[in-house]
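Visitor: Could you walk me through the charged pairs, rings and helix faces of this one? I would like to see the reasoning behind each answer.

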Amino acid sequence: MIKDNQKLLNHLLIVLDGLFVILAFSIAYFLKFSIYSPLVRIGFLAPKFGYFLFKEYAQALLFIVPIYLIIYSSFHLYAPRRTFGKRIEIWNIFKSNILGILFFIGVLFFMKISIKYSRWFIIYFFVVNVFMSIFFRMSLRLILKYFRRKGLNLKHIILVGYSNICECYIDQIKSNPSWGYRIHGIISDNKPIGFTYRDVPVIATTDDLPVLLEEHSDLDEIAITLGLKDYQKLESIVGICEKSGVHTKFLPDYNHIIPTQPYIEDVNGIAVVNIRKVPLNNWLNMMLKRIVDLIGASVALVIFSIPMLVISIIIKVTSPGPLIFSQIRVGMHNKEFKMYKFRSMCEQTESSEKKAWTVKDDPRVTPIGRFIRKTSIDELPQFINVLKGEMSLVGPRPERPYFVEQFKEEIPRYMIKHQVRPGLTGWAQVNGYRGDTSIQKRIDCDLYYIENWTLGLDFKILIMTFFTGFVNKNAY
């Protein structure tokens with residue numbers, strides 16, 4: 001049933017996308033040439049109605065519509081969108097329309113069509129089509145979300161194998177009811193029948209799998225979530241699942257070793273999976289991020305210059321000691337650097353401060369220090385570190401050498417965070433892992449950022465920091 005619904009939805013999307021391209025084309029013609037166009041009425045354009053008849057312009061639709069639909073398909077706009085992020089879908093719409101308009105311009109240039117298409121018309125067509133496509137797909141998401149919350153359009157699945165990845169997958173599904181997944185149970189050999197995790201019960205062992213699949217003919221999907229120690233059963237379980245005809249997918253239980261987007265090489269037919277792919281190792285990505293850092297830090301220092309001056313005066317008046325506090329931190333490629341902060345504590349010796357965490361109601365923290373730590377104002381001087389190239393606007397937060405030595409022995413993969421520049425803010429911080437919180441969770445967030453870096457993710461983190469990340473309830 002789900003498969004039929006997905007096919008029907010895809011066919012509907014294809015038809016509607018074709019109609020939207022035609023509609024956007026028509027609106028662009030109206031805006032450019034009609035005497036009734038609002039752009040003409042406000043004097044932005046001179047009326048040119050009849051300069052080219054619409055039927056002459058519309059000849060281009062014969063190749064524009066099918067090409068746009070092919071491009072949309074190549075950018076996965078007709079793929080199942082239950083777990084497809086909004087940000088990714090919007091970005092794919094934008095990229096596909098850029099490619100579509102470039103193709104349109106290329107055809108006009110190389111085929112030397114006699115009709116002269118206005119540059120403004122092409123711009124209007126691009127903008128209108130992008131807007132309509134995004135609005136339609138976001139509206140569709142809301143509609144499907146509503147129906148799935150009401151128990152309609154559900155995808156029925158079972159999980160084969162109890163493991164860490166099994167628990168993580170259940171957590172994600174439970175946290176996102178709009179995805180429309182209903183888990184009927186877990187097949188496991190290492191948990192007793194009746195055991196439950198977040199209301200999902202273990203219903204059978206792998207020996208019962210063939211009979212169970214015959215009884216549950218309404219299943220839409222089987223997710224194999226075996227633990228590493230059970231992988232010797234993988235081949236036989238895949239065979240049983242595929243024999244049932246039900247769509248089967250495999251969730252490997254080694255996400256803590258291999259990233260979600262592994263870098264795979266083909267060596268004469270042998271798949272070689274690299275343990276880690278770091279997008280910021282690419283020189284172009286590094287250059288783009290550095291340009292954003294330089295512009296962002298410069299603008300921020302100008303914007304925050306007056307607040308920083310006021311805080312400087314208050315610190316100097318209320319407590320003796322230096323205005324700026326510098327502390328050795330470990331940065332990119334394990335290199336140490338001096339990180340700057342507004343001083344928020346009474347003066348203390350270097351040996352006493354370098355090994356001590358700040359605790360709640362810490363007597364070393366000054367009254368103004370408590371406020372600036374809570375609101376992250378004490379971090380503002382780190383924009384200077386960004387300009388110097390020691391830090392970035394976004395990245396894993398740097399730690400003191402003493403704790404780096406401690407954590408690298410206690411937490412696997414801790415040192416991977418030093419493959420990129422540390423940041424003023426990061427994915428861990430906007431997800432609530434600041435101050436006295438789980439180091440392991442913080443590292444998991446840092447690794448996700450390192451492996452999935454894009455400029456878009458950086459901007460998302462900066463926006464989230466602006467709205468949710470300044471006030472730190474764990475800062476003492």
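Visitor: Is Asp17 buried or exposed?
Guide: Keep in mind that this is a predicted model. The cut-off for burial is under 20% relative accessible area. Asp17 has a value of 1%, so Asp17 counts as buried.

Visitor: Which residue forms a salt bridge with Asp17?
Guide: The closest N and O atoms of the pair are 2.9 Å apart, and the cut-off is 4 Å. Asp17 lies in helix 1 and its partner in helix 6, so the bridge ties together parts that are 120 residues apart in sequence. The partner counts as buried, at 1% relative accessibility. That partner is Arg137.

Visitor: Which residue of helix 5 meets Arg137 in a salt bridge?
Guide: Here the N to O distance is 3.5 Å, and both partners are buried. One partner lies in helix 5 (residues 86-110) and Arg137 in helix 6, so parts 48 residues apart in sequence are tied together. The residue you are after is Glu89.

Visitor: How many residues apart are Glu221 and Lys155?
Guide: These two form a salt bridge, with the closest N and O atoms 3.6 Å apart. Glu221 counts as buried at 4% relative accessibility, and Lys155 counts as buried at 12%. Glu221 is in strand 5 and Lys155 in strand 1, and the separation is 66 residues.

Visitor: Which residues are joined into one network by salt bridges that share partners?
Guide: Arg137 is a good place to begin, as it pairs with Asp17 and also with Glu89. The full network is Asp17, Glu89, Arg137 and Arg141.

Visitor: Turning to the rings, what kind of aromatic pair do Trp120 and Tyr124 form?
Guide: Both lie in helix 6 (residues 119-149), four residues apart, about one turn of the helix. Trp120 counts as partly exposed at 38% relative accessibility, whereas Tyr124 is buried at 9%. Their centres are 5.8 Å apart with 35° between the planes, and the pair is tilted.

Visitor: Which residues of helix 9 are buried, and why are they on the same side?
Guide: The buried residues cover an arc of only 70° around the axis, which puts them on the same side of helix 9. The face turned away from that side carries the exposed residues Glu235, Glu242 and Lys243. What covers the buried residues includes strand 1, helix 8, strand 5 and strand 6. The buried ones are Leu234, Ile237 and Cys241.

Visitor: Which residue takes a positive phi just after helix 9?
Guide: Helix 9 spans residues 234-243. Just after it, a phi of about 85° is taken by Gly245.

Conventions
Residues numbered from 1 in each chain as written. Predicted model: local features only at pLDDT ≥ 70, side-chain atom pairs only at ≥ 80, totals over all residues. Heavy atoms only, no water. Buried < 20%, exposed > 50% of the residue type's maximum accessible area, 1.4 Å probe, protein only. Helix = DSSP H or I, 4+ residues; strand = E, 2+ residues; numbered from the N terminus. Arc of directions from axis to C-beta. Contact = heavy atoms within 4.5 Å. Phe/Tyr/Trp six-rings, centres within 6.5 Å; stacked < 30°, edge-to-face > 60°. Salt bridge = Lys/Arg side-chain N within 4 Å of Asp/Glu carboxyl O.
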